[in-house]
Structure formats: C-alpha cells, structure tokens
Amino acid sequence: MVTTAAHDLSHAPSVIELKGVNKWFGQFHVLSNINLDVKQGERIVICGPSGSGKSTLIRCINRLEEHQRGDIVVHGVALSNDVKNIEAIRRDVGMVFQSFNLFPHLTILDNLTLAPIWVKKTPKREAEEIAMSLLTRVRIPEQAHKYPGQLSGGQQQRVAIARALCMRPKIMLFDEPTSALDPEMVKEVLDVMIELAKEGMTMLCVTHEMGFARAVADRVIFMDRGEIVEQNAPEEFFAHPKNERTKTFLGQILHH
Amino acid sequence: MADVLSANERQQLPPPASETGALGWLRKNLFSSWGNGITTVVLLVAIFWLLTSFLDWAVVNAVWTAPTGQSCRGHGACWALIHEKYRFIFFGTFPYNEQWRPLLAVIVMLTMLVTSADRRMWNARLVWIWAVGSFLTFLLMLGQIHIPLALILFVALAVGGVGMLLRGSVAAPAELNGWRTLAAIGAIGILLRLAGVLPPWSLAIAPFTYVETGLWGGLPVTLILATYGLLFGFPYGVLLALGRRSNLPLIRGLCVGFIELIRGVPLISLLIMASVMLPLFLPSGMSIDKFLRALVAIILFSGAYIAEIIRGGLQSLPKGQFEAADAMGLNYFQKTMLVILPQALRVVIPPLINTFIGFFKDTSLVLIIGIFDFLNAANQALVDPNWAGFPSEVYLFAAFVYFCFCFSMSRYSKYLEIELNKGTRR
C-alpha cells in the first residue's frame, strides 16, 4: 500500500483540543501532560506498548475516564463534571470498543436504533431506515433481526461501528477495534474503517494495525509511559523514527 | 494426504446395538455393574413398598364421607375431614354465606397471575389488567370500598407524573398533554383539599356487606400477602439494589444500612414489631389495619432479599455494557431501564423465583400476629372435637395445595429462562 491518504488540514478547524492533560490511577501516572490538537477530518492512529495510556487517552475524550488536570475541549464544549456537557459531547462522539459491547438482549436492529430513538428522539421508523442503510454499508443488512450472540466477531464489530454511526457522530474513537478478532476477520473490519476514513470522518484510532496506519492516517502518534513520545505523518514515522523508544517499538511489532 | 477422510466422506457406522433402545438404556444406566444392579433392585423394592403402603392408607382404606371423625377410626386416611372442613380451610372465618366472594377473588387473582405469566402480555395492557383485577379482588374481599377524595387526587398526580416521566421523550404532544393535565388536576386538587376548599368527601363503592380484614382467612389471605408483598417488594428491591451501587455515598449508605438491618432480623420479629410496636408510635386515634401492617412488613422484608439477588445480577454484567451505554449518550435512567436491568434480571431469574417460592410459604408466619392464612386455617380446622385426631390428612392436604403453587412457580421459572434466552446465547 503506497497510497497515502494524507491531505491538507492546515485550514481545518480544531475539533478536539487537549491541553496539559494529566491522569492518575491511584499513584500510577497514566497520562502525563498530554497536548493534542485534532483537526476536523483528521485521521490519527495512536500506538504504543501496552500500559502506555493510549486507551485511557481516548477514553478521556468522551469521559469514560475522568482526567484530573488540564483541559479537554470537544467541539467547543469543555469537559467538566457538568452532566449536560458530557452528554452533549457523547452525542457527537461515537466509540467502538475492543470487545464490541453490543447489547446481547437486543436484536442487531434494536442495538442500532436504541440511542437515536432515546437520545436524539428520532421517530422509530426513521431510525430503522437509517440503521438499515448503515447495516448495508457495513455489508450485513441480512443480520438485522438476529441477536449479537449469533454473529461472528467480525460481524459484531461491524455492527458496533454501524451502531456508533447511527448517532451521526462528528468524531469516531476506536479502542483497539481488531485486537479481539480472529485474524481472518480483521480485514473485514479494517475495510469498513478505511471506507469511513475516506468519507472524511474525524477518527482517533488506537491500533497496532500498521498497514491501516499507512493507508489512512494523517498522523501517527507513539505513546509510552503516559507521554506522547513522537508524532509524525505515517511515511516519516515508519521510515525515519527519531526517538529510541519508537525505534525499539517499531522493531518489535514490524519484524516478527 | 489421501488417507485422511473428512467426516462426510467417511462411512458413518451406527453405534453398537447394546448402547441403543430401551434395553441398552437400562443396561447402561441401571445395571452397568454388579454394585449398580443391586442398588437398583434394592431401591425399586423400597419405592414399591413405600408406594403400596401409602396408597393403602390414602386410597384403598380411606374414608371419603363420614358424619363425624368417629366413623373414621380403624380405617385409612380420613378424607371425610377435608370434605367436611374444606370451606373453612380455604376461606377461614369469612362469613359462610358470603364465601363465594373470596372464591371469586381467588379466581380473579389466579387469572391475573396466569395472564401476566405469558410473555406476549408484557405491555401497557398488563397495568390495566392489574389495576382492574386488584380493585375487584379487594372489593370482593372487603365488600365496600371508600376512597377519600385526597387519595383519588394523589393517584391522578402520581399516574400523570409517572406518565410524563416514562413517556416524556417518546410520546406525541397530545398524549403528553393528557398526562400533564392529569398531573395538574391532581396537584391543584390536593392543594385545594389541603386549603379546605374541597370537602372531605369520599367515593363509596358498596355493593356487598362489609367484611373486615380480621375475618379474612385461608387461601385468599395467603395469595394476597404473597402476591402484593412481592409485587411491591420487587420494584422496591430493584431500587435498593440500584441505590446500593450508587455513586452517592449517602444513598449507598442508606440502602446498605436498610438491607443489612432488615436481613439481620427474623421475619417474625418484624411482623411482631409491625403489629405491636408500630401502633405505639402512631398518634392516638389513628390506627393502621393489622393486615396492612403485616403486608408492609412482608414488602420491606422481601425487598431487602430481592435487592441482594438483583445486586448479584448487576455485578455479573461486564463493565463494557455500562460503558457502551454511556458512550452512546444514554442518561442514567435510560441506561438502567433499557440496557442494564433487562440483562441483570434475566441472569437472576432462578434465584429470584427461589426467593418468591420461599416468601409464598413464609407468609404463614403471619400466624404469630393472629392472621389466618391458608396453613393456619387448616390448623384451626383440627380444633373441632368431633374431628380430633387426624392431623396428617389436613397437613397433607395443605402441603398438596402449597406444592401446586410452588411447583407451578418452579416450572414457570424454567419456561422463563428458556423463553428469555431465545436467540441470545453468547
């Protein structure tokens, strides 16, 4: 894959701003002084060794984790303890988890329409139409009336992506979306994500799929021990890593 | 690799004949070894002996009708006693000529319970069925109901309020206005009533003669205590369980304190407190019906137990379910009602029904404060000197009736588990 999707973002407005964000789990300093500016339409891949704080970082953006110092502003709304602000941000930010987290007691269609109906007050009929069109987009409309337990892992993760898209989010967060999948199912999920990226969705993606990073990322961020160690456009990042820790990490994951 | 054949290419051989058919089953399960064979024979003989002696007593030598207990002496089971006393056992001291009323009440209640058991009925209609059914039950039992104006207004406010809350986000404007109007009528009415503008009027529905709760007895008492004890105990237990997992320390503390306090005392002591101590704290002249006090004690007690069971269900859910609901922007109420509780309750159906069965039988503890439930009415039937000396028959009969109810609940639990897990295997 030589095509890079990097495009000119210099004039795009910022949609996520993190300034001096710090977080501790007990005594453990999991995020240390994170500064990050995400432009509209930008695709960012975050990688790093396990325990480096990459998942925690994106989970802070929709307040699944609470940061303790610094500012996070999403679409001009500052994250605070104000429930109204948190709910406003969550309406605009979709999230896909490593373990899918579909609701096992609801059919696929009900999984997709739940939030639009209850959070956005979309009429049921309309929500179902949107849901079906998104299921078609992730190529599993025929599964609409099944339950999550009846689907394969790859199908479940595609449903999870469609579920997040049902809310018409402006930003999508992916937390290791392919790590829990059998190898033969990784591609079907990545294909959906690549398609999404091409449509101009703002994406933050924690993943170790370096092929994906090369194909769609505007920027690759390497994190270690709670810090952003290095960030660069993918060609530069992979060809000429500057930091020793980045080199070690890339050596480990690329040459095995 | 030509020597490796896939399963459908390989010729499928039938299992050996000794493993199939009735003989195969017997051999495999009952007579697989000498030890097994001897155990089987010994147990079969024992079962046969027990069964024949029981049938001898209960059927062959039984007396079905007799003028007094004297004619039963020297024979087998004295079912004549049940024949003579069944109305007392079922309806206790309820006025004899009016006993069609508790009978009808029991039928109404059983109809409600059986109707609600069907999953297809689980919708708004059920609320109406229960409202009408409960009203009928109590009207039949009491004979006359006087509803104070204030209570009517309060119900209007409560129903309107709950309607606004539950339907607020999905209802059409016209429907929502209906709920608002209802709540407003209730609220304004209560204020006017408090201010003395409205008179202390009450709606009297009095088709039958009044029968006070002290005269109630038998099966309807057991059914009312168990049904309404659990009907109110269940949502109360859900609230306690949610409160116990709340992030607010005060609410959590209150719920934990209540649960531990109630679980730490026997139901009997709670019933005695409700019947003896509570009146001491009430202002003079004010009294709460004994039956109602017992019901409240049962509700509080079952609530605490149900709460702990539901907490188990809540804790069994993966954290990801909560996070996914949060990430979608659902608020706490929506998350709990749409995502968490439906899953948590499914998990705890077996222990929940187990508790229900336990409470159904525990209602007989109301004996201690002088309420005649089914078992105590049966007990009282033994007091008649004409029929003295046949406790086995009465207790066996009572046990049989309890068994019918408890066994149905147990089977229903099984049905529910299968029904709710259709298609949702993980």
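Reader: How many nonpolar, polar and charged residues are in the lining of the second largest pocket?

Author: This is a predicted model, and in it that lining has 13 nonpolar residues, no polar ones and one charged.

Reader: OK, and what volume are we talking about for the second largest pocket?

Author: The space in there comes to about 260 Å³.

Reader: Which residues lie nearest its centre?

Author: Those are B:Leu270, B:Met273, B:Ala274, B:Leu278 and B:Leu300, out of 14 lining residues.

Reader: Which helices of chain B supply at least two residues each to that lining?

Author: Helix H9 (249-263), helix H10 (267-281) and helix H11 (290-316) of chain B. The largest share is from H10(B), with six residues.

Reader: Switching to the surface: which residues make the nonpolar patch?

Author: The patch is made by B:Ile268, B:Ile272, B:Met273, B:Val276, B:Met277, B:Leu278, B:Leu280, B:Phe281 and B:Ile368, and its area is about 820 Å². You've met B:Met273 and B:Leu278 already, among the residues nearest the centre of the second largest pocket.

Reader: Take B:Leu280. Where does it lie, and is it buried or exposed?

Author: B:Leu280 lies in helix H10 of chain B. It counts as exposed because its relative accessibility is 66%, and the cut-off for exposed is over 50%.

Reader: Cavities next. How many of 30 Å³ or more turn up in the whole structure?

Author: The search finds three. The largest cavity has a volume of about 110 Å³.

Reader: What lines the largest cavity?

Author: It has 14 lining residues, and A:Gly94, A:Met95, A:Ala164, B:Ala327 and B:Met328 lie nearest the centre. Chain A gives two or more residues from each of helix H2 (83-92), strand S6 (93-96) and helix H5 (153-165), and chain B does so from helix H12 (319-327).

Reader: How does that lining divide by class, nonpolar, polar and charged?

Author: Ten residues are nonpolar, one is polar and three are charged.

Reader: And the second largest cavity, how much space lies in it?

Author: About 50 Å³. Its lining is A:Arg137, A:Val138, A:Leu165, A:Val192, A:Glu195 and A:Leu196.

Reader: Which helix gives the largest share there?

Author: Helix H6 of chain A, residues 183-198, which supplies three residues.

Reader: Last one: how many of the lining residues of that cavity are charged?

Author: Two are charged, alongside four nonpolar and no polar residues.

Notes:
Residues numbered from 1 in each chain as written. Chains lettered and ligands numbered in written order. Predicted model: local features only at pLDDT ≥ 70, side-chain atom pairs only at ≥ 80, totals over all residues. Heavy atoms only, no water. 1 Å grid on protein atoms, 1.4 Å probe; cavity = no way out; pocket = protein on both sides within 12 Å on 5 of 7 lines; lining within 4 Å. Points joined across faces, edges and corners; volume = space filled by probe spheres on them. Helix = DSSP H or I, 4+ residues; strand = E, 2+ residues; numbered from the N terminus. Nonpolar A, V, L, I, M, F, W, Y, C, P; charged D, E, K, R; others polar. Patch = residues over 30% accessible without salt bridge, like charges linked within 9 Å, V, L, I, M, F, W, Y side chains within 5 Å. Areas by Shrake-Rupley, 256 points an atom, 1.4 Å probe, with all protein chains shown as cover. Salt bridge = Lys/Arg side-chain N within 4 Å of Asp/Glu carboxyl O. Buried < 20%, exposed > 50% of the residue type's maximum accessible area, 1.4 Å probe, protein only.
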